Amino acid sequence: MAATKPPRRPARRAAKPAAGRLQVLEVEEKLAATHAALVCAFHQMLDLKDLDTGCHSTRLAEWAVRVAEELGMEESLFQAVEISALLHDIGKVGVPDAILQKPGPLTDDEFAVLKRHSEYGWAILRLIPGFAAVSHFVLHHHERMDGRGYPAGLRGEEIPMGARVICVIDAFDAMVSDRPYRRGLPAAEALRRLQEAAGTQFDPRVVRLFSAFAGAELAAVAAAAN
Ligand SMILES: [Fe+2]
């Protein structure tokens, strides 16, 4: 079972807080610890379901946060981006194994069932206090810039920025990972395909930033993904 690095916790303030503030900080600390434990537990569950949560997913989550930082997203959303990167496909627990493990391309009907995973993921994660942004990013992680994605058919700026980041992460992860009926692509080829679909499927800024981080560490990516 792959070890899961807990998601980052909000930084503690250096200045000495007043008593009331100290209590608030303690509550925030406990909540952050609960969230971290929850993410680890979900990640272990995905691993048991053999849903491609190898050690590379932790690396992808780190890149997702770096992309979010470079994009100028609000700092309060960095943790949501990291958690979404780790758990974006959690809704696949609701998809039959016969489809997930099928040794060949899916039929249209099977693909329609698989596509429900983003809504299933939202339905699970939205129940957790403090996970509103996470569930929102997961719900929309298969939207496309040209509006031809799912589940809502959002286009361009309509798609939450965090979801645009996760979309690129998910696509890269899918391309480099082995499947029952095919070997994963080399990371360099996966990056080339991301760039080819920048502007239609993916946000070009996300692809550019992600490629810069991933491109610098290709060898490690390939070794971890296979
Ligand atoms: Fe997905």
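Biologist: What does the secondary structure of the chain come to, in helices and strands?

Modeller: Keep in mind that this is a predicted model. The chain has eleven helices and zero strands. Going along the sequence, the pattern reads α-α-α-α-α-α-α-α-α-α-α.

Biologist: Okay, and how much of the chain is buried?

Modeller: Of the 226 residues in the chain, 36% are buried. As for contacts, take those with a separation of 6 or more: 64% of them join residues 24 or more positions apart.

Biologist: Let's talk about helix pairs. How are two packed helices described?

Modeller: You use the angle between their axes and the distance between the axes. Try helix 1, residues 19-48, with helix 3, residues 78-87: they pack at an angle of about 15 degrees, and their axes are 10 Å apart. Angles under 35 degrees count as roughly parallel, so helix 1 is roughly parallel to helix 3. Their crossing is left-handed.

Biologist: Which residues of helix 1 and helix 3 make the contact?

Modeller: Helix 1 brings V39, F42 and H43, and helix 3 brings I83, L86 and L87. Sorted by type, the residues of this contact are five nonpolar, one polar and no charged.

Biologist: I'd like to look at a single residue. A80 sits in helix 3; is A80 buried or exposed?

Modeller: Here you count C-beta neighbours, and 20 or more within 10 Å makes a residue buried. A80 has 25 of them inside 10 Å, so A80 counts as buried.

Biologist: What is A80 in contact with, leaving aside its neighbours within four places in sequence?

Modeller: With those set aside, A80 is in contact with A133, V134, F137 and G162. You can also check a C-alpha pair: A80 and H136 are 56 residues apart along the chain, and their C-alpha atoms are separated by 9.6 Å.

Biologist: Now helix 6. Which of its residues are buried?

Modeller: Helix 6 covers residues 117-125, and H117, S118, G121, W122 and L125 are buried there.

Biologist: And where do the buried residues fall, seen down the axis of helix 6?

Modeller: The trick is to look along the axis and ask what arc they take up. For helix 6 the buried residues fall within an arc of 145 degrees, so they line one face of the helix.

Biologist: What do the buried residues of helix 6 pack against?

Modeller: Their partners are helix 3, helix 5 (108-114) and helix 7 (132-139). You've met helix 3 already: A80 lies in it, and helix 3 also packs with helix 1.

Terms used
Residues are numbered from 1 along each chain as its sequence is written. This is a predicted model: local features need pLDDT of at least 70, side-chain atom pairs count only at pLDDT 80 or more; totals for chains, interfaces and linings use all residues. Axes are lines fitted to C-alpha atoms, for helices over the stretch in contact, and angles run from 0 to 180 degrees between N-to-C directions. Helices (H or I, at least four residues) and strands (E, at least two) are DSSP runs, numbered from the N terminus. Angles under 35 degrees count as roughly parallel, over 145 as roughly antiparallel, 65 to 115 as roughly perpendicular and the rest as oblique. A crossing is left-handed if the near helix is turned anticlockwise from the far one by less than a right angle, and right-handed if clockwise. Two residues are in contact if their C-beta atoms, placed from the backbone, lie within 7 Å. Ala, Val, Leu, Ile, Met, Phe, Trp, Tyr, Cys and Pro count as nonpolar, Asp, Glu, Lys and Arg as charged, and the others, Gly among them, as polar. A residue is buried if 20 or more other C-beta atoms lie within 10 Å of its own, exposed if 12 or fewer, and partly exposed in between; C-beta atoms are placed from the backbone. The arc is that of the directions from the helix axis to the C-beta atoms.
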